[in-house]
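Hi everyone, thanks for coming. Today I'd like to walk you through a protein that may be new to most of you, so let's have it up on the screen.

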Amino acid sequence: MLHSFLPQPPTDAAVSGSDVRVSAIHHKPLTTSQVYQLSTFRGVACEFSSWIWDKIMPLRYRVFLWLAFWGRLNTRDNMIRKHWSLLTEHQDCDICPASESASHIVLRCFPASVIWATFHMNDLASSSTDIVHFMHRAQQAWINSRGVHILFAAAAVTLWHARNDRIFNNKRWPPSYLRREVHDEVSQARQKASTMKHRRQEQESARREKLRQAFLKKRLDKLMAEKQASSASDDQPNS
Ligand SMILES: [Zn+2]
């Protein structure tokens, strides 16, 4: 997409001082919206954006997921890569003999296996190379389910909170607590989806009623006009 926004050779206008960028594909000046899209992720092909920027996705999940899918969470492997030696001296998970990455925490660490086993997805999780691979496979497996990304988000957020509570507060979440947290998160998302659907139906119903009222008013005005014309004609003296 980037190539379509490359600047054209300077025109007379550009030489005279005004800087107008023209799309190489559409041959029209760029709009503010196009520049905004280009300066954000929408200007870049992103395979996981639809899993994040869904209206039913709770706002508090979105930034977390964005960082997780890009591999930018402050996991130990990332901190070692960034030479943050004051924060961690190693990149190992605190409960498993493995490097602590986002994929490890969300797919393969012990708390993750508890959650994914609940949904019969443990094999899928443990055999996926990373979380993007996992999501592609999960969507193929549940092709008719629109909620796989919501379930994933609820599980990932819960696992990240459990990891932070373990590391910073030395608290371990028991399996029953982990499952309940995910269940509560999914229930909230489902409730939000249901509320949004109800609101859409109400708006659609109001729109139809408005159209019906406008149609009836038009019909009434026409009938009144016809009646007035008829009365005026009756009042004319017969020749
Ligand atoms: Zn682990």
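I'll begin with the overall picture, then visit two helices, and finish with a cavity.

One thing to say at the start: what you see is a predicted model. The protein has 11 helices and 0 strands, so from the N terminus on you'll read α-α-α-α-α-α-α-α-α-α-α. Of its 239 residues, 33% count as buried. And here is a number on how the chain comes together: take the contacts between residues at least 6 apart in sequence, and 48% of them join residues at least 24 apart.

Now please find helix α9, which covers residues 131–141. Which residues of α9 are buried? They are I131, V132, F134, M135 and A138. These five positions span an arc of only 155° around the axis, which puts them on the same side of α9. If you'd like the background, an α-helix has 3.6 residues a turn, so residues three or four places apart point the same way. Turn to the other side of α9 and you'll meet Q140 and A141, which are exposed.

What do the buried residues of α9 pack against? Quite a list: α3 (49–52), α4 (59–69), α6 (102–108), α7 (110–118), α8 (122–127) and α10 (148–169). Before we leave α9, have a look at its N-terminal end, where D130 acts as a cap. A side-chain oxygen of D130 lies 3.1 Å from the backbone nitrogen of V132, and V132 is one of the buried residues we just named.

Next stop, α7. Here P111, A112, S113, V114, I115 and W116 are buried. The partners that the buried residues of α7 pack against are α6, α8, α9, α10 and α11, the last of these running over 175–235. Just after α7, H120 takes a positive phi of about 55°.

Finally, the cavity. How many cavities of 30 Å³ or more are there? The count comes to 1, and the largest cavity holds about 30 Å³ of space. Lining it are I105, C109, P111, L159, R163 and R166. You may remember P111 from the buried residues of α7. The largest share of the lining, 3 residues, comes from α10. By class, we have 4 nonpolar, no polar and 2 charged residues around this cavity.

That's my tour, and I'm happy to take questions.

Note on methods
Residues numbered from 1 in each chain as written. Predicted model: local features only at pLDDT ≥ 70, side-chain atom pairs only at ≥ 80, totals over all residues. Heavy atoms only, no water. Buried < 20%, exposed > 50% of the residue type's maximum accessible area, 1.4 Å probe, protein only. Helix = DSSP H or I, 4+ residues; strand = E, 2+ residues; numbered from the N terminus. Arc of directions from axis to C-beta. Contact = heavy atoms within 4.5 Å. Polar contact = N/O pair within 3.5 Å; in protein donor to acceptor, adjacent residues only side chain to side chain. 1 Å grid on protein atoms, 1.4 Å probe; cavity = no way out; pocket = protein on both sides within 12 Å on 5 of 7 lines; lining within 4 Å. Points joined across faces, edges and corners; volume = space filled by probe spheres on them. Nonpolar A, V, L, I, M, F, W, Y, C, P; charged D, E, K, R; others polar.
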